[in-house]
Amino acid sequence: MMLRDHCCCCYGAPSSDSADIADRDPVLLVSGIGGSILHSKRKKFGFQTRVWVRILLADLEFKKKIWSIYNPETGYTEPLDDSAEIVVPQDDYGLYAIDILDPSIFVKCLHLTDVYHFHDMIDMLVGCGYKKGTTLFGYGYDFRQSNRIGQLMNGLKERLETAYKASGGRKVNIISHSMGGLLVSCFISLYGDIFSKYVNKWITIATPFQGAPGCINDSILTGMQFVEGFESYFFVSRWSMHQLLVECPSVYEMLPNPNFNWKKQPEIQVWRKHSKEGETSVVLESYGRHECVTLFEEALKNNELKYDGKTVALPFNLAILKWAAGTREVLDETQIPKGISFYNIYGTSFDTPFDVCYGSESSPIDQLSEICHTTPEYSYVDGDGTVPSESAMADKFDAVERVGVGASHRGLLKDENVFELVKKWLGVSGKARARYSKTSKVMDA
């Protein structure tokens, strides 16, 4: 079996067949963090290797080709391998990169659905009569980067223009998932006139409008596991992922919004051992929205990795934090232009991390740097397992409808209740279309 998945990619172009006439408004699917295939492209020869997502040789290729460092002069996160660049394959009108994230024969034969991303939704839309390249498109992007960086904004603009023109000048309906909703929000705030020109409706799913406190706080301190269970042994390790996320502006941009009026302010707690005059005590320390920065700095001050025979320091990055604060200002200023319909689907019924605690009373933390190698304990709130419902509901827009669906964060992309809502809002359910009032409701899975 071929273990390495090398390929040459070309941009998908609309069909030249003049008989392809759009019979409905086009749909553009926008992925979230970790929701796009990424390739490492050799600058000299143009040779490409898939580095995200892959099941086989995952950690090895990840460390060699995608570990990155933030450049404060450009605002971009750049690979440590300076002979290569990270690119997103554009095959199949942008849909390939967000469909099955590891499209290898191994994954398809074993049907490892943990890496099936927009696959079921794409199949559903094709079954409803949408045609790839005429009325169905995808937008995958380098999710390491800031949600307001030029590369991502220009890419979204180009994909909107392509969908608009390919469908004969029909306005686009956007369906975004997770962080993709923040990307769209930034685009509206920065390029509202272009958004008005090309977009008809925006349906967002599981978007952390006010952040994802438990998951993101812990990701910065200990990393993130995208695949659970048996498959995780073939996947990127939590520690390897952590070393990438510390240098990703997109992650900092999903920290809990300090300006949002949470029902309860999120906290990070640490059971801490203190010694004084020969006596030892254990204290539960709490870090709120402002104090947590001090905790991040102290816990990550010695964080480093070995790369190509060199030691690379990766402390908590205050330059990224400053940039992320600017992104939060952009997000808080977003207003959906008149004439565009907005719909919000958020996940419910799953325990979702909110507060994070490290150490215990019987096994306290001595030095804060130990946190990075500690298994956390969470307090939970309602949500989709990743994004609290409180955050996903708080878009602050004039929504046509907000609906809670009992499904997990990624499970929402394959949930039948979600599909029925999407078909209804797109007007392709086959049922008589009704007028929808501004409402919020919860749907049980």
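This is a working chat about a predicted model of a protein, going from its overall make-up to some of its strands, loops and its cavity.

User: How many helices and strands does the protein have?

Analyst: The secondary structure of this predicted model comes to 13 helices and 18 strands, and buried residues make up 56% of the 445 residues in the protein.

User: And what share of the contacts joins residues at least 24 apart?

Analyst: If one takes the contacts between residues at least 6 apart in sequence, 76% of them join residues at least 24 apart.

User: OK, on to β17: is that strand mostly covered or mostly open?

Analyst: Strand β17, residues 401–405, is mostly covered, with 5 of its 5 residues buried. Both faces of the strand are covered, since the residues on one side, Glu 401, Val 403 and Val 405, are all buried, as are Arg 402 and Gly 404 on the other.

User: In which sense does β14 pair with β17, parallel or antiparallel?

Analyst: Strand β14, residues 341–347, pairs with β17 in the parallel sense over 5 bridges, and Gly 347 has Val 405 in β17 as its bridge partner.

User: Switching to the sheet with β2 in it, what is the strand order?

Analyst: The order is β3-β2-β6, an open sheet of 3 strands with antiparallel pairing. β3 and β6 (84–87) stand at the edges and each has a single partner strand, so one side of each is left without a neighbour in the sheet. From one strand to the next, the twist averages 30°.

User: How many bridges join β2 to β6?

Analyst: Strand β2, residues 38–42, is joined to β6 by 4 bridges, and the two strands run antiparallel, with Arg 42 standing opposite Ala 84 in β6.

User: Which helix lies across those strands?

Analyst: Helix α1 lies across β2, β3 and β6, and runs at about 110° to β3.

User: What about the backbone in the loop between β3 and α1, where is Val 53 placed?

Analyst: Val 53 sits in that loop, between β3 (48–52) and α1 (58–65), and the peptide bond leading to Val 53 from Trp 52 is cis, with omega near 0°. Leu 57 belongs to the loop between β3 and α1 as well, and has a positive phi of about 60° although it is not a glycine. Most residues other than glycine have a negative phi, and most peptide bonds are trans.

User: Is Leu 57 buried or partly exposed?

Analyst: Leu 57 is partly exposed, with a relative accessible area of 35%. Ser 178 also has a positive phi, of about 55°, without being a glycine, and is placed in the loop between β8 (172–177) and α5 (180–190). Because the cut-off for buried is under 20% relative accessible area, Ser 178 counts as buried at 5%.

User: Which residues of helix α3 are buried?

Analyst: In α3, residues 119–127, the buried ones are His 119, Met 121, Ile 122, Met 124 and Leu 125. Among the elements that cover them are β1 (27–30), β7 (136–139), β8, β9 (199–205) and α13 (416–426). Just after α3, Gly 129 takes a positive phi of about 105°.

User: How many cavities of 30 Å³ or more does the structure hold?

Analyst: The structure holds 1 cavity of 30 Å³ or more, and about 40 Å³ of space lies in the largest cavity. Its lining has 10 residues, of which Ile 33, Phe 143, Leu 244, Leu 245 and Cys 248 lie nearest the centre.

User: Which helix supplies the largest share of that lining, and how polar is it?

Analyst: The largest share, 3 residues, comes from α8, while α8 (238–245) and α9 (249–252) each supply at least two residues. By character, the lining divides into 8 nonpolar residues, 1 polar and 1 charged.

User: Last one: where is Thr 386, and what does that residue touch?

Analyst: Thr 386 is in the loop between β16 (377–383) and α12 (389–393), and counts as partly exposed at 27% relative accessibility. Not counting residues up to four places away in sequence, Thr 386 touches Ala 212, Cys 215, Thr 352 and His 409. From Thr 386 to Phe 350 the C-alpha to C-alpha separation is 8.7 Å, with the two residues 36 apart in sequence.

Conventions. Residues numbered from 1 in each chain as written. Predicted model: local features only at pLDDT ≥ 70, side-chain atom pairs only at ≥ 80, totals over all residues. Heavy atoms only, no water. Buried < 20%, exposed > 50% of the residue type's maximum accessible area, 1.4 Å probe, protein only. Pairing = 2+ DSSP bridges. Axes fitted to C-alpha atoms, helices over the stretch in contact; angles between N-to-C directions. Contact = heavy atoms within 4.5 Å. 1 Å grid on protein atoms, 1.4 Å probe; cavity = no way out; pocket = protein on both sides within 12 Å on 5 of 7 lines; lining within 4 Å. Points joined across faces, edges and corners; volume = space filled by probe spheres on them. Nonpolar A, V, L, I, M, F, W, Y, C, P; charged D, E, K, R; others polar.
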